[in-house]
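Biologist: May I request a close look at a single part of this model, with each term explained for a beginner?

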Amino acid sequence: MSAAPAKKSIDSSLSTNFNDDIQKQKYNNKKRESEETWWINGVFVIIVHIISLISILTYTADRKTWAMTFVMSNLGMLGITVGYHRLWSHRAYEAKLPLRIVLGLLGTLGFQGSIKWWVLRHRLHHRWTDTEHDPYSAAKGFWFSHMGWIFKKPHYPRMKLIDASDLNADPVVRFQHKYYVLLALSCGLIAPTMIASLWGDALGGFLYGGILTRMVVWHSTFCINSFAHWSGEQLYSNEVSARGNLLLALMTHGEGYHNFHHEFPKDFRNGYRLFDWDPSKWIIYALHTLTNQVPKVTRVPENEVRKAMVNMEIIKAQEKRKKCDWGVDSSSLPVITYEQYKQKQEQEGKEWILIDEFVLDVSSFKDDHPGGAKILKNYYGKDSTKAFHGGLNDHSKAANTMTAMFRVAKIEKNQKEE
Ligand SMILES: [Zn+2]
Ligand SMILES: [Zn+2]
């Protein structure tokens with residue numbers, strides 16, 4: 001009888017160890033996968049940066065090429081903010097097919113992967129912000145969230161939990177995903193080269209409209225993952241690292257108000273307030289009101305935003321409150337009788353007065369008393385509650401709060417002189 005349980009125990013311990021080993025192995029494999037460098041991606045990104053830098057330093061482009069670069073950079077950014085982000089990632093508004101085609105093409109200019117790939121990763125970012133499952137987690141440092149993640153082979157074990165049904169149902173998303181490389185090269189590199197060749201600056205078109213534009217649009221988007229999770233205001237929530245920042249909004253067509261966006265991702269606005277700089281919001285709103293291409297925009301109810309703001313004000317006020325010295329906590333005070341209070345004052349010459357249920361030692365304060373030290377001395381060993389609350393002077397809120405600084409004892413209930 002005794003051998004069986006022993007065997008069982010050995011077996012179960014072996015099996016536990018074996019399972020532990022498998023789990024450890026799986027974990028290590030995953031860790032290795034997630035730490036693997038993504039060479040093709042990394043080298044491509046580095047080459048684009050090097051060519052951009054050399055172009056700026058050595059090649060003088062035609063003015064028209066500069067103008068085209070400016071226009072293409074902004075169109076690419078808007079393709080990402082209005083299209084990839086607010087439409088496809090968050091369904092913050094509805095767009096008809098012609099607009100989706102245009103936004104798909106503009107987003108392709110951003111050279112940030114297909115809509116489907118970008119959106120799924122972004123949904124992971126929102127669902128597991130700042131955790132190990134966030135593809136560009138700010139918790140892993142500024143560099144990682146800005147660009148470092150691009151150099152790591154993607155390994156997203158929770159991707160299967162992200163809903164992609166809306167993306168799979170959209171023919172624009174499916175088409176763009178299927179022909180992404182061809183479309184990206186055509187829109188992002190061949191088109192600017194050909195356009196600039198019209199004024200005899202094909203090389204400038206390639207270097208500036210093609211390569212440099214890619215870098216500008218990249219960093220505009222990357223700043224949201226890094227700067228907007230690092231510096232700025234938290235007006236709506238402090239649950240994740242997302243912050244709001246006017247400077248960043250200026251650089252990103254309004255995406256810089258990232259704190260609002262993380263709290264209310266379904267809202268078509270990132271800059272919620274009227275004066276917030278958010279051209280992406282204005283474009284969507286203009287398309288909604290002036291055309292038939294945006295039948296519906298989503299706004300969270302005003303009251304919900306106000307509640308979030310009030311909650312944050314309370315949190316901030318509580319943090320400020322913690323930084324003040326509010327005096328002696330009443331629960332830490334010794335409890336004495338009214339008689340003991342009087343005796344101590346008479347026998348030991350204590351400079352004590354009684355207000356409400358607290359004995360206050362006013363020796364350090366009496367000379368600063370606005371009504372003069374003499375009045376205080378008159379109440380040593382007596383109950384000055386009535387005088388304090390209007391009998392002589394109805395003291396201010398600040399005076400009431402200040403009394404806590406001088407507490408030395410608490411009077412037992414029903415012990416006070418009537
Ligand atoms: Zn974010
Ligand atoms: Zn988002």
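Modeller: The following account concerns one contact between two helices and then the annotated spans. This is a predicted model, in which local features need pLDDT of at least 70 and side-chain atom pairs count only at pLDDT 80 or more, while totals for chains, interfaces and linings use all residues. Residues are numbered from 1 along each chain as its sequence is written, and chains are lettered from A and ligands numbered from 1 in the order in which they are written.

Helix 3 spans residues 63-89 and helix 13 residues 279-290 (helices are DSSP runs of H or I, at least four residues, numbered from the N terminus). Their axes, lines fitted to C-alpha atoms over the stretch in contact, approach within 10 Å and cross at roughly 70 degrees (angles run from 0 to 180 degrees between N-to-C directions). Helix 3 is therefore roughly perpendicular to helix 13, a term for angles of 65 to 115 degrees. The crossing is right-handed: the near helix is turned clockwise from the far one by less than a right angle.

From helix 3, Leu78, Thr81, Val82 and Arg86 meet Ser280, Ile283 and Ile284 of helix 13 (contact means C-beta atoms, placed from the backbone, within 7 Å). This contact comprises 4 nonpolar, 2 polar and 1 charged residues; here Leu, Val and Ile count as nonpolar, Arg as charged, and Thr and Ser as polar.

An unreviewed UniProt entry annotates residues 38-59, 66-85, 97-119 and 179-200 as "transmembrane region", although such annotations may be inferred rather than shown by experiment. Residues 97-119 are 74% helix and 0% strand, with end C-alpha atoms 18 Å apart. Residues 179-200 are 82% helix and 0% strand, and their end C-alpha atoms lie 30 Å apart (strands are DSSP runs of E, at least two residues).

Notes: Angles under 35 degrees count as roughly parallel, over 145 as roughly antiparallel, 65 to 115 as roughly perpendicular and the rest as oblique. Two residues are in contact if their C-beta atoms, placed from the backbone, lie within 7 Å.
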